[in-house]
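Open the model in your viewer and keep the selection panel at hand. We will go from stop to stop, picking residues and looking at what surrounds them.

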Amino acid sequence: MVITSLDNKKIKEVVKLRQKKYRDIENKFIIETLNIIKEAYNMGYLLELYVLEGTTLNIKFDVPINYVSKNVFNKISFLENSYILGVCKKKVSVLEGKRYVLLDNVQDPGNLGTIIRSCVGFNVDTLVLGDTCVDLYNDKALRASEGNIFKLNIVRTSLKDVIKILKEKNITIYGTDVNDGENIDKIENNSSFALVMGNEGKGVSNDIKALVDKNLYIKTSKNLESLNVGVATGIILYELDKNSNC
């Protein structure tokens with residue numbers, strides 16, 4: 001059976017998940033592209049699929065599959081020329097591990113997705129999103145993460161509270177400052193750390209900046225004013241991971 005009506009109850013429920021407030025209420029979110037859907041399925045987060053009628057799936061998914069007409073799929077999809085969409089349950093995560101990245105008011109979903117990939121690539125245990133960060137389940141953030149959201153422990157909470165907890169565990173809190181920082185390649189013994197990265201335009205807020213133990217900087221050409229926060233996070237994590245004794 002193919003769902004052809006936009007008034008179908010299941011379709012209305014999926015459409016609501018395009019909005020953050022309903023994602024928060026239902027603890028569900030939408031994903032697209034086959035690679036991301038495979039990651040969600042393999043990690044146990046995929047609840048059901050919506051597939052464009054006439055599509056043949058060459059991969060078996062042991063979840064309910066709803067075939068829908070073109071006009072219905074266009075209503076629920078964020079993308080052009082897409083043919084498969086998944087509904088997932090939200091992750092439940094806790095603050096744990098020895099290596100953390102803390103994001104202070106990062107707003108660009110592409111940057112968030114890039115940072116998630118770097119965290120997975122360079123052995124970060126937990127990514128902490130401050131209260132004012134972009135929504136983790138924003139469709140652009142999910143696509144930019146390329147499915148790595150399902151491989152990383154991610155929590156959203158007050159950065160001040162997290163920093164207090166981490167300091168009690170004797171974990172060094174690093175910030176970034178090109179004028180008052182230590183060259184990143186000089187840092188050694190990084191089996192545990194917390195790296196704070198700030199907003200794209202304003203950087204780390206003053207109240208959080210006051211809580212860091214040490215500032216770092218990335219040496220670049222004098223012709224460059226600043227690095228994108230996603231790029232900078234990847235470089236710093238690479239250096240910290242490279243010099244780790246863990």
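Start by selecting Glu 146, which counts as partly exposed in this predicted model, its relative accessibility being 46%. Glu 146 sits in the loop between helix H6 (139–145) and strand S8. Check its backbone: phi is positive, about 55 degrees, although Glu 146 is not a glycine.

Now select Asn 81, another residue other than glycine with a positive phi, here near 60 degrees. Look for Asn 81 in the loop between helix H4 (70–76) and strand S5 (84–89). Is Asn 81 buried or exposed? At 73% relative accessibility, Asn 81 counts as exposed, because the cut-off for that class is over 50%.

**The second largest pocket**

Next, show the second largest pocket, which holds about 220 Å³ of space. Its lining is made of 14 residues, and those closest to the centre are Lys 90, Lys 91, Leu 136, Tyr 137 and Arg 156. Which elements give two or more residues to this lining? They are helix H2 and strand S8 (153–156). Colour S8 if you like, since S8 gives the most to the lining, with three residues. If you colour the lining by residue class instead, you will find six nonpolar, two polar and six charged residues.

**Salt bridges**

Side chains of opposite charge can pair when their charged atoms come close. How many salt bridges does the structure hold? There are eleven, and the next stops visit some of them.

Select Asp 24 and Lys 20 together: they form a salt bridge in which the closest N and O atoms are 2.7 Å apart. Both residues lie in helix H2 (residues 20–26), four residues apart, which is about one turn of the helix. Asp 24 is partly exposed at 34% relative accessibility, and Lys 20 is also partly exposed, at 40%. Add Lys 90 to the selection, and you have a network of salt bridges that links Lys 20, Asp 24 and Lys 90. You have met Lys 90 already, among the residues closest to the centre of the second largest pocket.

Move on to Glu 48 and Lys 10, whose side chains meet in a salt bridge at 3.1 Å, N to O. Glu 48 lies in strand S3 (residues 46–52) and Lys 10 in helix H1 (residues 9–16), so this pair ties together parts that are 38 residues apart in sequence. Try an accessibility colouring here: Glu 48 counts as buried at 15%, whereas Lys 10 is partly exposed, with a relative accessible area of 30%.

Now pick Arg 99 and Asp 241, a salt bridge with its closest N and O atoms 3.2 Å apart. This pair links distant parts of the chain, with Arg 99 in strand S6 (residues 99–103) and Asp 241 in helix H9, 142 residues apart. Arg 99 is buried, because its relative accessible area of 3% is under the 20% cut-off.

**Last stop**

Stay with helix H9 (residues 229–242) and select Val 231, which is found there. Val 231 is partly exposed, with a relative accessible area of 42%. To finish, draw a distance from Val 231 to Lys 169: the two are 62 residues apart in sequence, and 28 Å separates them in space, C-alpha to C-alpha.

Notes: Residues numbered from 1 in each chain as written. Predicted model: local features only at pLDDT ≥ 70, side-chain atom pairs only at ≥ 80, totals over all residues. Heavy atoms only, no water. Buried < 20%, exposed > 50% of the residue type's maximum accessible area, 1.4 Å probe, protein only. Salt bridge = Lys/Arg side-chain N within 4 Å of Asp/Glu carboxyl O. 1 Å grid on protein atoms, 1.4 Å probe; cavity = no way out; pocket = protein on both sides within 12 Å on 5 of 7 lines; lining within 4 Å. Points joined across faces, edges and corners; volume = space filled by probe spheres on them. Nonpolar A, V, L, I, M, F, W, Y, C, P; charged D, E, K, R; others polar.
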